[in-house]
Amino acid sequence: MTSSRPAQDAGGSRPSGPGLAVAAVARRLGVAPATLRTWDRRYGLGPSDRTAGSHRRYTPEDVARLLVMRRLTLEGVAPVDAAQAALEADVDELEEARRSGPPSPPGEDASTESAEESPDDAGRTGRAHLRALPGGGQSAPRGAGQGNGSAHAQQASGKVSAVVDAALSYDQARCDDLVRIPPNGDPAAWWAHLMEPAWSRVAERTVLAGPGAVPEIVLATAALQALRSFTDAFEQQVVQNGGPPANHPSRMRNIVLIFAAPDETVPLSAHALAAALTAKGKTARIVTGPASIRRSLELVTMVRPAALVLATGQRRPDLDVVHAVHEGFAELPIFVGLRRDDAASELPLTPQVQRVRSFTGLLHEVLAVVGA
């Protein structure tokens, strides 16, 4: 970062003056403003500051996350994976991004920008992006990045693309095989590096499907089966090693109660979190089906959980349950997975209600409460 950089674009958690407008950030990163708007709308990498008049501005932290996003996409990482890494970047990683400044693209970078801009342009003209059926795989972009980190990222991105292709071609057997969790696997890593990116990509596709053909159902079926098989095998191993079964009273005293957001048809992140907690030897239960405020309070009263979690993939979930449970059980630790800063402003501002940006962070925070 050079000394000529504006004061509000230097390090620090908050800008010393008004934040940066989209045009200024776009010039710094070397991308089109439409690209930044796409990253905001699609991945939640948007401006978090507001000036008088409600104009949204990019803070230094926002810019640092965009620098991470930009660098990874130039190295060949798929945008959805790069965005997740940017959202989960810690303080040290963001500071390094600030020091490094904008990456130098290998030659002209029109391919990266056009790949990001075309969905946005299509949205403005009212034409949906259509995916050819079946198959028609669109591989993740490959850059000139070298080294083990880049190769690993490209390998992971390649598997995500394979899962997406299997779902979009309605190949249930292939999808089942690709998303299977090995007995010694880690459900948290499986979700963060494979399933969440694949789920996001499938959700972004507009397809022309026949009766009964729904790519999301193919992928959700494979994912739920993988989680079920993993947890069943894990619990069998616990019993074989002399431990108590899953429904034993000794394991029901420290439950984590996981809610999905209302109107979330398939709450995959809630199921993935429950499996990740199971792999750590904890007991978690997911609230499925209609759950009114009254019913939610009854469940908390009956279960007496050690912690409550709202795990969702929605960008702006309904937080009524969080408010109601906090009002009724003020000492109960509540964790809410929210990536967007503007959505987090709707949470109760108390030490017992915590907003967590990433799935991995959500898991770690819950484990810190119930015992790692």
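**Exercise 1. Burial of two phenylalanines**

Classify F230 as buried or exposed, and then do the same for F234, allowing for a partly exposed state.

*Solution.* F230 has a relative accessible area of 4%, and since buried means under 20%, F230 is assigned to the buried class. The model examined here is a predicted one, and the values in these exercises are computed from it. For F234 the relative accessible area is 24%; because exposed begins over 50% and buried ends under 20%, F234 falls in between and counts as partly exposed.

**Exercise 2. Aromatic pairs**

Find how many aromatic pairs the structure holds, and describe the geometry of each by the distance between ring centres and the angle between planes.

*Solution.* Begin with the count, which is two. In one pair, W191 and F359 have ring centres 6.0 Å apart and planes at 45°, and the arrangement is tilted. W191 belongs to helix 9 (residues 187-204), whereas F359 belongs to helix 15 (residues 359-370), so this pair ties together parts that lie 168 residues apart in sequence. Both partners are buried, W191 with a relative accessible area of 3% and F359 with 7%. The other pair consists of F230 and F234, whose centres are 6.3 Å apart with 25° between the planes; since planes under 30 degrees apart count as stacked, the pair takes that label. As a last step, locate this pair in the fold: F230 and F234 both lie in helix 10 (residues 215-240), with four residues, or about one turn of the helix, between their positions.

**Exercise 3. The nonpolar cores**

Identify which residues have the most contacts inside the largest nonpolar core and which elements each supply at least two of its residues.

*Solution.* The largest nonpolar core contains 48 residues, and those with the most contacts inside it are W190, L219, I258, L273, L277 and V309. The elements that each contribute at least two residues to this core include helix 7 (148-168), helix 8 (172-179), helix 9, helix 10 and helix 11 (268-279), together with helix 15, and the strands among them are strand 5 (255-259) and strand 7 (307-310). To see the surroundings of one such residue, set aside the neighbours of L273 within four places in sequence; L273 is then in contact with I258, V309, A311, F359, L362 and L363. A second, separate core has 26 residues, among them L29, W39, L87 and A89. For the wider context, buried residues make up 45% of the 372 residues in the protein.

**Exercise 4. Pairing of the parallel strands**

Starting from strand 5, trace which strands are joined by bridges, and state how many bridges join each pair.

*Solution.* Strand 5 is joined to strand 7 by four bridges, and the two run parallel; here L257 stands opposite L308. From strand 7 the path continues to strand 8 (residues 334-337), with three bridges and again a parallel arrangement. Within this pairing, L310 has V336 as its bridge partner, and V309 has F335. Strand 8 is in turn joined to strand 9 (residues 353-356) by four bridges, also in parallel, and the bridge partner of G337 in strand 9 is V356. One connection can be added: strand 7, helix 13 (residues 320-328) and strand 8 form a right-handed β-α-β unit.

The directions of the residues complete the picture. On strand 7, A307 and V309 point one way while L308 and L310 point the other way, and all are buried. On strand 8, I334 and V336 point one way and F335 and G337 the other way, and these too are all buried.

**Exercise 5. Positive phi outside glycine**

Determine where Y170 and D263 lie, and report the phi of each together with its exposure.

*Solution.* The starting point is that most residues other than glycine have a negative phi. Y170, which is not a glycine, has a positive phi of about 60°; Y170 sits in the loop between helix 7 and helix 8 and, at 26% relative accessibility, counts as partly exposed. D263 likewise is a residue other than glycine with a positive phi, near 70°. The loop between strand 5 and helix 11 holds D263, and the relative accessible area of D263 is 76%, which places D263 in the exposed class.

Technical notes:
Residues numbered from 1 in each chain as written. Predicted model: local features only at pLDDT ≥ 70, side-chain atom pairs only at ≥ 80, totals over all residues. Heavy atoms only, no water. Buried < 20%, exposed > 50% of the residue type's maximum accessible area, 1.4 Å probe, protein only. Phe/Tyr/Trp six-rings, centres within 6.5 Å; stacked < 30°, edge-to-face > 60°. Core = buried A, V, L, I, M, F, W, Y, C linked by side-chain atoms within 4.5 Å. Contact = heavy atoms within 4.5 Å. Pairing = 2+ DSSP bridges. Right-handed = clockwise from strand over helix to strand, strands pointing away.
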